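Here's a quick tour of the pockets in this model, what sits in them, and a couple of backbone oddities. Have the structure open while you read.

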Amino acid sequence: MTEKLLHKFQTIDDNIKRLNENIAKAALNAGRKENEVSLMAVTKTVPPEEINQAIACGISLIGENRVQELLTKIKHLNLENVQIHLIGHLQTNKVKKVAGEVELIQSVDSIKLAREINKFCQKNSLHQKILLEVNIGEEESKKGFLSHELDEVIHEIATLSHISVEGLMTIPPFCEKSSEIRSYFSNMRKVFIDIDEKKLDNVSMSVLSMGMSGDYEEAIMEGATMIRVGSGIFGARN
Ligand SMILES: *Cc1c(COP(=O)(O)O)cnc(C)c1O
């Protein structure tokens, strides 16, 4: 193994150790248990050997953004006891490539996409768990449902028998201030609880996926059950 790769592996080990410590601290500060928060390694642009190193360090959740990249890398990964989730935008014409291949599609951002996944799963006797992506900052540049649309959307999606909604995912706006980002995360948690209280068929609010390298501590303070960390594990992407 090259010196450079050894050094990279060491950095990944150190980053994961430090993240786990910080997650435990943030959970404690929030009066939560450390094991209420799962750590996903986001692996876009990361080569398989580095992903396998993260898995060797205890990572059991992998998030990929692009279908093609996911399918290319999946065969080189040590996936025993490891789940892969799709976290990037999914075009309806790629549903057939990914439905049934991943544990969770976190980035369902339209009713059309939900219907398409359901249709494909029905035809192939599959069942797919999904999260609904919420555009909590109501940004033009971002995908996802607006929070005020969710009430109607969730009732329709609940009727689709071959998918089940397991929770919500968001990427909030970039914020300078910690208090500002916390208010977006806090709004997400309110939406999450509101939907949970409806007790709909095929809908359970068990995963609240929010928080990335720069803001996962705030997300944990506000109730995240899954954080998605890329550069904080593997270093900056180019
Ligand atoms: C890239 C990405 C992340 C991780 O971002 P980092 O800032 O590198 O931690 C998390 N979620 C989604 C949807 C992403 O695309």
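A molecule counts as sitting in a pocket if more than half of its atoms lie within 2 Å of the pocket's grid points. By that yardstick, the ligand sits in the largest pocket. Keep in mind that this is a predicted model.

So how much space lies in the largest pocket? About 330 Å³. Its lining is made up of 20 residues, with K44, N65, I171, M212 and R228 closest to the centre. Sorted by class, that lining has six nonpolar, eight polar and six charged residues.

Now for the ligand's own surroundings. The shell around it consists of V42, K44, N65, I87, I171, M212, S213, R228, V229, G230, S231 and R237. Five of these shell residues are nonpolar, four are polar and three are charged.

Which residues put a polar atom close to an oxygen atom of the ligand? Here are three such pairs, taken from S213, G230 and R237.

| Residue | Protein atom | Distance to a ligand oxygen |
|---|---|---|
| S213 | polar side-chain atom | 2.4 Å |
| G230 | polar backbone atom | 2.8 Å |
| R237 | side-chain N or O atom | 2.9 Å |

On its own, the ligand has 390 Å² of accessible area, and the protein covers 88% of that. If you're looking at the contacts on screen, note that S213 and R237 reach the ligand through their side chains, whereas G230 does so with a backbone atom.

Next up is the second largest pocket, which holds about 220 Å³ of space. There are 13 residues in its lining, and F174, C175, I181, G214 and D215 lie nearest its centre. By class, the lining splits into seven nonpolar, two polar and four charged residues.

Finally, the backbone. Where does T45 lie? You'll find T45 in the loop between β1 (38-42) and α2 (48-56). Its phi is near 70°, which is a positive value in a residue other than glycine. E138 is another case: its phi is near 50°, again positive in a non-glycine residue. As for location, E138 belongs to the loop between β5 (128-134) and α6 (150-157).

Conventions: Residues numbered from 1 in each chain as written. Predicted model: local features only at pLDDT ≥ 70, side-chain atom pairs only at ≥ 80, totals over all residues. Heavy atoms only, no water. 1 Å grid on protein atoms, 1.4 Å probe; cavity = no way out; pocket = protein on both sides within 12 Å on 5 of 7 lines; lining within 4 Å. Points joined across faces, edges and corners; volume = space filled by probe spheres on them. Nonpolar A, V, L, I, M, F, W, Y, C, P; charged D, E, K, R; others polar. Near = heavy atom within 4 Å. Polar contact = N/O pair within 3.5 Å; in protein donor to acceptor, adjacent residues only side chain to side chain. Areas by Shrake-Rupley, 256 points an atom, 1.4 Å probe, with all protein chains shown as cover. Helix = DSSP H or I, 4+ residues; strand = E, 2+ residues; numbered from the N terminus.
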